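Work through the exercises below with the structure open. Each task is followed by a solution in steps.

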Amino acid sequence: MTDPAAGPTASAAPRIDVVTIFPEYLRPLELSLVGKARRDGLLDLRVHDLRDVATDRHRTVDDTPFGGGAGMVMRPDVWGRAIDATGQAPGPDGGPEVRDVVLLVPTPSGTPFTQAIAHELAGAVSGAAGPPARLVLACGRYEGIDARVAERYAGEPGVTVREVSIGDYVLNGGEAAALVVVEAVVRLLPGVVGNPESLVEESFGDAGLLEYPVYTKPPSWVGLDVPEVLRSGHHGAVARWRRDAALVRTAERRPDLVESLDVDRLDARDRDVLDGAGYAVVGQRVRRRPSIRAAASTDAAALADLAAATFPLACPPDTTLGSARAFVAEHLSAERFSAYLRDPDRTVLVAEDATGLVGYTMLVAGEPYDAHVAELVIDRPTIELSKCYALPRMHGTGTSRLLIDASLDAARSGGARSVWLGVNQQNARARAFYAKAGFDVVGTKTFQVGERLEDDYVLVRQLP
Ligand code: JD8
């Protein structure tokens with residue numbers, strides 16, 4: 001059955017073939033932008049009925065699955081004939097069809113279909129990326145297509161096989177996905193979209209952001225007003241408002257997109273907006289800042305793992321791993337953390353992100369256990385910030401800052417008028433961090449790690 005919406009037989013226009021047992025399902029491609037592109041000769045899209053190449057009088061295209069199981073599987077031999085048949089039609093110059101082929105097979109087990117893939121396919125069929133190829137979409141049904149079809153064509157010279165999924169949900173066939181892929185690709189073809197400008201600021205475009213909210217008349221509707229700036233005529237302010245709105249919307253709805261933003265394209269205002277949305281720019285990456293919460297009894301094991309991963313890093317470089325591990329085993333085991341979490345004089349706060357615990361602090365109320373420290377710390381009651389650690393990969397994300405600010409708040413709300421801590425004299429990084437957090441050096445003390453006595457500075461922070 002030849003496709004009524006198809007353009008002239010031999011056309012230099014980008015060529016797309018769709019093979020399906022439900023040709024009617026693709027009728028929407030006669031409508032709207034794609035339909036117009038076909039009528040304007042900007043696209044040569046043909047829909048083929050798979051049953052046309054079936055050989056039995058029942059036009060069978062499927063059979064029972066080897067290995068058993070429910071449902072039916074589509075036969076490879078039928079698909080082979082159908083795919084080959086799409087190349088029988090004369091090519092653009094009326095001669096044999098010689099274009100390379102991109103065989104796209106929609107399947108729930110495919111790689112996610114994205115705007116980037118849509119651009120690649122549009123480039124392939126339009127010849128923007130070299131000699132034009134033609135796109136063949138194989139729409140499966142039942143339990144799917146025999147796996148040898150993809151295998152066979154993947155080995156065919158001039159054929160690229162792409163198994164893609166349009167989303168993490170299960171459909172009954174590939175036709176809906178074919179509609180999605182064709183529309184996403186065709187609207188990127190030259191001349192199809194009236195104003196190519198409108199393609200620029202789209203979601204998932206270069207900026208990697210979702211679109212900003214859009215508005216039109218009336219300026220006020222059911223008490224809802226269009227944001228004033230959009231009616232200001234101040235193009236710079238409008239552009240800034242739209243950029244901020246796109247950043248916030250993307251941060252709220254698509255953390256995955258935010259974390260793959262190109263930081264070199266983020267200006268200071270962008271970073272402020274992201275900061276407000278809970279993201280920090282760390283080196284070349286945008287990272288979701290962890291959330292801070294009080295530790296729960298169920299966190300003991302994770303805290304012990306975190307402590308084992310972080311304590312050795314705060315020790316002087318010449319501390320033996322053995323003595324650091326001995327200290328961890330003695331003071332920072334899961335059992336010890338269970339006890340700390342039950343201890344009313346101890347407050348443990350944790351920083352958590354999608355990967356789990358990434359930092360923690362421990363406050364120990366009461367008189368300093370070290371008499372020398374008790375002399376150094378004037379403002380009473382005081383509390384010890386005994387532990388303040390974050391995983392190295394969180395450095396720069398503001399995690400430690402979030403933790404210490406929350407710990408100072410907890411100390412303040414616990415009635416403490418000062419917080420003291422000991423930091424190894426060789427740990428310049430931690431000392432700089434505490435200095436920025438308002439801690440002053442008031443003296444020194446020693447700290448036992450395994451059989452070694454380490455030299456610490458004693459730091460104090462007044463709590464107004
Ligand atoms: C092609 C047959 C149905 C799928 C048994 C239900 C894409 N994102 C997506 N979800 N589902 C599909 C898809 C489903 C298909 C076929 C694509 C061919 N089915 C099958 C496996 C489980 N039935 C898809 N793209």
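**Exercise 1.** Find the strand that holds threonine 107, decide whether threonine 107 is buried or exposed, and list its contacts away from its sequence neighbours.

Solution. The model is a predicted one.
- Step 1: threonine 107 belongs to strand S5, which covers residues 101-112.
- Step 2: the relative accessible area of threonine 107 is 17%. Buried means under 20%, so threonine 107 is buried.
- Step 3: with neighbours within four places in sequence left aside, threonine 107 touches Glu163, Val164 and Ser165.
- Step 4: a polar contact of 2.8 Å connects the side chains of threonine 107 and serine 109.

**Exercise 2.** Give the strand order of the open sheet that contains S5, and state which strands lie at its edges.

Solution.
- Step 1: the five strands are arranged as S2-S1-S6-S5-S7, with parallel pairing.
- Step 2: strand S2 (44-49) and strand S7 (159-165) each pair on one side only, so they are the edge strands.
- Step 3: on average, neighbouring strands of this sheet are turned by 25° against each other, direction ignored.
- Step 4: within the sheet, strand S1 (residues 15-20) and strand S6 (residues 134-138) run parallel and are joined by four bridges. Aspartate 17 faces valine 136 of S6.

**Exercise 3.** Classify the ring pair of phenylalanine 311 and phenylalanine 327, and locate both residues.

Solution.
- Step 1: the count of aromatic pairs is 10.
- Step 2: in the pair of phenylalanine 311 and phenylalanine 327, the centres are 4.4 Å apart and the planes differ by 10°. Planes under 30 degrees apart count as stacked, and this pair is stacked.
- Step 3: phenylalanine 311 is in helix H10 (residues 300-314) and phenylalanine 327 in helix H11 (residues 321-331), 16 residues apart.
- Step 4: phenylalanine 311 has 3% relative accessibility and therefore counts as buried. Phenylalanine 327, at 5%, is buried as well.

**Exercise 4.** Do the same for tyrosine 360 and tyrosine 389, then name the cluster they belong to.

Solution.
- Step 1: the ring centres of tyrosine 360 and tyrosine 389 are 5.8 Å apart with planes at 25°, so this pair is stacked.
- Step 2: tyrosine 360 is in strand S14 (residues 356-365) and tyrosine 389 in strand S15 (residues 382-390), so the pair ties together parts 29 residues apart in sequence.
- Step 3: both tyrosine 360 and tyrosine 389 are buried.
- Step 4: one aromatic cluster is made up of Phe311, Phe327, Phe337, Tyr340, Tyr360, Tyr389 and Phe447.

Key:
Residues numbered from 1 in each chain as written. Predicted model: local features only at pLDDT ≥ 70, side-chain atom pairs only at ≥ 80, totals over all residues. Heavy atoms only, no water. Phe/Tyr/Trp six-rings, centres within 6.5 Å; stacked < 30°, edge-to-face > 60°. Helix = DSSP H or I, 4+ residues; strand = E, 2+ residues; numbered from the N terminus. Buried < 20%, exposed > 50% of the residue type's maximum accessible area, 1.4 Å probe, protein only. Polar contact = N/O pair within 3.5 Å; in protein donor to acceptor, adjacent residues only side chain to side chain. Contact = heavy atoms within 4.5 Å. Pairing = 2+ DSSP bridges. Axes fitted to C-alpha atoms, helices over the stretch in contact; angles between N-to-C directions.
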